[in-house]
Amino acid sequence: NSGELGLACKPHFPEKLLPHCIHAARTRFAERGIKTGFVLVKDFYGPARERIGPVLQGAGYHELSAQPAMWMDLDPAWRTFDDYLDALHSKYRIRAKRALKKSADILRTELTLQDVLAQSDLMYRLYNEVAKGAGFNTFSLSPDYFAELKRQLPDTFKVFGYWLDGELVAFYTALLDRDRMEAHFLGMRQDLNHDLQIYMNILFDLVKIGIYHRVPSINFARTALEIKSSVGAQPRPLYFYLWSANPLLNLLVPRLYRTYNPDLQWLPRHPFKTDD
């Protein structure tokens, strides 16, 4: 289950029934021979946390804080990417232009479903280059993930490619919604990233797309916090709820989480003139 987007309920569904629904789902799994020792309900913040949190905690779930998501609110006055650049402090604007210059030889294109199908194997290899460097992953995408998502969401799932000398060297994806844009999975040749500033350019291109589509905000997800803050994203704390079917283990959940969850150290950046 993943936050508000992981719940599908009828209008006026009472939150107090959520633990009962989860129990019913566990029963269904058990009937199929699938045991569920733990239940994880994530990611919540703001009003959703205020509604769901007390209900789950009352049912024995533990509220824990996870690595924050990086969100960027787009100024409605920004009509072009140059408007965004003008809003930056001079040192961040200079860095941005330097990164953009390093990628001058890269050809950027939006990929159609046919393009994604044709580049599917290479895209999966590029994705794995990034995923394997992340250090910790709870899952791995299937090889046909990008093509199938593009097939199912042809207009709202966007795929963009970076080409160098006719070869796809990077790609990134985004999901468009009415009130936000979600930065999704990406892939790149790590050996080219430093010299061409590929990752930084992807972040800037996501800002460009958000401005073009007039979305109020962009969810940059929860990795590479410092570099994302340097383009204007700010941390939004996320909370999740964990329950163990073993009563003794359930009592120890908070202590175990504090023991094995690393204390993430990073320096937030404040690139906008309005941050003063």
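**Glu-226 and Arg-269**

I began with Glu-226, which at a relative accessible area of 29% counts as partly exposed, and I kept in mind that this is a predicted model. Its side chain and that of Arg-269 meet in a salt bridge, with 2.8 Å from N to O. Arg-269 lies in the segment after H11 and Glu-226 in helix H10, so the pair ties together parts that are 43 residues apart in sequence. I looked up the cover of the arginine as well, and Arg-269 is partly exposed, with a relative accessible area of 26%.

**Other salt bridges**

I then searched the whole structure and noted 12 salt bridges. One that I followed up joins Arg-189 to Glu-167, where the closest N and O atoms are 4.0 Å apart. Arg-189 sits in the loop between strand E7 (181–188) and helix H8 (190–196), while Glu-167 belongs to strand E6, so this pair ties together parts 22 residues apart in sequence. Arg-189 is partly exposed at 24% relative accessibility, and Glu-167 is also partly exposed, at 37%.

Are the partners Arg-180 and Glu-182 buried or exposed? I found that both Arg-180 and Glu-182 are buried, and that the closest N and O atoms of their salt bridge are 3.2 Å apart. I also wrote down a network of salt bridges that links Lys-42, Asp-43 and Arg-222.

**Backbone entries**

The Lys-42 and Asp-43 of that network took me to the backbone, where a cis peptide bond joins these two residues, with omega at about -15°. Asp-43 has its place in strand E2, which covers residues 38–44.

Next I looked for positive phi values in residues other than glycine, and Arg-214 has one, near 60°. This arginine comes just after H9, in the loop that runs from H9 to strand E8 (217–219). With a relative accessible area of 37%, Arg-214 is partly exposed. Ala-221 also has a positive phi, near 70°, and it is placed in the loop between E8 and helix H10 (225–229). Its relative accessibility is 30%, so I entered Ala-221 as partly exposed.

**Helix H9**

I went back along the chain to helix H9, residues 198–212, whose 15 residues reach 21 Å from the first C-alpha to the last, close to the 21 Å expected at 1.5 Å a residue. The helix is mostly covered, with 13 of its 15 residues buried.

**Helix H11**

For helix H11 (residues 247–260) I made the corresponding length check: at 1.5 Å a residue its 14 residues should span 20 Å, and the end C-alpha atoms are 20 Å apart, which agrees. Where in H11 does a kink lie? I located it at Val-253, shortly before the proline Pro-254, with a bend of about 50°.

At the N-terminal end, H11 is capped by Asn-246, which has a side-chain oxygen 3.0 Å from the backbone nitrogen of Leu-248. Leu-248 also appears in a nonpolar surface patch of about 570 Å², made together with Leu-251, Leu-252, Leu-256 and Tyr-260. As a general reminder to myself, an α-helix has 3.6 residues a turn, so residues three or four places apart point the same way. From the patch I picked out Leu-251, which lies in H11 and is exposed at 66% relative accessible area.

**His-62 and Thr-173**

I closed with two strand residues. His-62, in strand E3 (residues 62–73), has a relative accessible area of 19%, and because under 20% means buried, His-62 is entered as buried. A polar atom of its side chain lies 2.5 Å from the backbone oxygen of Asn-250.

Thr-173 is found in strand E6, residues 167–176, and it is buried, with a relative accessible area of 1%. I recorded one distance for this threonine: its C-alpha atom is separated by 14 Å from that of Val-130, and the two residues are 43 residues apart along the chain.

Conventions: Residues numbered from 1 in each chain as written. Predicted model: local features only at pLDDT ≥ 70, side-chain atom pairs only at ≥ 80, totals over all residues. Heavy atoms only, no water. Helix = DSSP H or I, 4+ residues; strand = E, 2+ residues; numbered from the N terminus. Expected span 1.5 Å × (residues − 1). Bend = angle between axes of the 7 residues up to and from the residue. Polar contact = N/O pair within 3.5 Å; in protein donor to acceptor, adjacent residues only side chain to side chain. Patch = residues over 30% accessible without salt bridge, like charges linked within 9 Å, V, L, I, M, F, W, Y side chains within 5 Å. Areas by Shrake-Rupley, 256 points an atom, 1.4 Å probe, with all protein chains shown as cover. Buried < 20%, exposed > 50% of the residue type's maximum accessible area, 1.4 Å probe, protein only.
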